[in-house]
Amino acid sequence: NRPAAFQRKLMEVMVPIWEMDRVDMRTKILCCVAAFTALGRGEVEFFFKMAHVHKIPKEEVEEILLLTGLEAGFPNAEMAIEILERVYSV
């Protein structure tokens, strides 16, 4: 639903960051899982799907959710675990 010009500008910024190679993709995905969980944002589902595609075991993602819940609040982690269960059940 974003205007085309905004989407192009967003891609100019986003793609180079994700293409940086000092941190591996697995770590980047898990960082995003933690960040979006801590913020209570539904976009966490996208990163669960990325984790699943990149073959990150569900148990490892769950451990990140437990750590995030401990440090940022369990209500958001509980919301995220429901989404995780749905994504990994496919």
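**Exercise 1.** In this predicted model, state which helix holds Leu67, and find the nonpolar surface patch to which Leu67 belongs.

*Solution.*
Step 1. Locate the residue: Leu67 is found in helix H4, which covers residues 58-72.
Step 2. List the members of the patch. Leu66, Leu67, Leu70 and Phe74 form a nonpolar patch on the surface.
Step 3. Give its area. Together these residues have about 420 Å² of accessible area.
Step 4. Look for the main contributor. Helix H4 gives the most to the patch, with 3 residues.

**Exercise 2.** Describe the chain as a whole: its secondary structure, its box and its accessible surface.

*Solution.*
Step 1. Count the elements. The chain has 5 helices and 0 strands, and from the N terminus on the order reads α-α-α-α-α.
Step 2. Take the box along the principal axes. The C-alpha atoms fill roughly 35 × 30 × 30 Å.
Step 3. Turn to the surface. About 6300 Å² of the chain is accessible, and carbon and sulfur atoms account for 62% of that area.
Step 4. Turn to the inside. Among the 90 residues, 26% count as buried, where buried stands for under 20% relative accessible area.
Step 5. Look at the contacts with a separation of 6 or more. Of these, 60% are between residues 24 or more positions apart.

**Exercise 3.** Work out what the salt bridge between Arg26 and Glu60 ties together, and set out the details of the bridge between Lys9 and Glu12.

*Solution.*
Step 1. Begin with Lys9 and Glu12. Their closest N and O atoms are 3.3 Å apart, and a salt bridge requires a distance within 4 Å.
Step 2. Place this pair. Both residues lie in helix H1 (residues 4-19), 3 residues apart, about one turn of the helix. Lys9 is exposed, and so is Glu12.
Step 3. Go on to Arg26 and Glu60. The closest N and O atoms of this salt bridge are 1.7 Å apart.
Step 4. Place the second pair. Arg26 lies in helix H2 (residues 25-39) and Glu60 in helix H4, so the bridge ties together parts that are 34 residues apart in sequence.
Step 5. Check the exposure. Arg26 is partly exposed, with a relative accessible area of 37%; Glu60 is partly exposed too, at 29%.

**Exercise 4.** Give the number of salt bridges in the structure, describe the one between Arg41 and Glu43, and name the residues joined into a network.

*Solution.*
Step 1. The structure holds 7 salt bridges.
Step 2. In the bridge between Arg41 and Glu43, the closest N and O atoms are 2.6 Å apart.
Step 3. Arg41 has a relative accessible area of 37% and is partly exposed. Glu43, at 35%, also counts as partly exposed.
Step 4. Salt bridges that share partners join Glu45, Lys49 and Arg86 into one network.
Step 5. Add the charges of the chain. There are 11 positive and 14 negative ones, and their mean positions are 9 Å apart.

**Exercise 5.** Explain what stands out about phi of Lys55, and say where this residue is placed.

*Solution.*
Step 1. Recall the general rule. Most residues other than glycine have a negative phi.
Step 2. Compare. Phi of Lys55 is near 60°, a positive value in a residue other than glycine.
Step 3. Place the residue. Lys55 is in the loop between helix H3 (44-53) and H4.
Step 4. Check the exposure. Lys55 has a relative accessible area of 71% and is exposed, as the cut-off for exposed is over 50%.

Terms used: Residues numbered from 1 in each chain as written. Predicted model: local features only at pLDDT ≥ 70, side-chain atom pairs only at ≥ 80, totals over all residues. Heavy atoms only, no water. Patch = residues over 30% accessible without salt bridge, like charges linked within 9 Å, V, L, I, M, F, W, Y side chains within 5 Å. Areas by Shrake-Rupley, 256 points an atom, 1.4 Å probe, with all protein chains shown as cover. Salt bridge = Lys/Arg side-chain N within 4 Å of Asp/Glu carboxyl O. Helix = DSSP H or I, 4+ residues; strand = E, 2+ residues; numbered from the N terminus. Buried < 20%, exposed > 50% of the residue type's maximum accessible area, 1.4 Å probe, protein only. Contact = heavy atoms within 4.5 Å. Lys, Arg positive; Asp, Glu negative; His and termini not counted. Charge placed at Lys NZ, Arg CZ, Asp CG, Glu CD.
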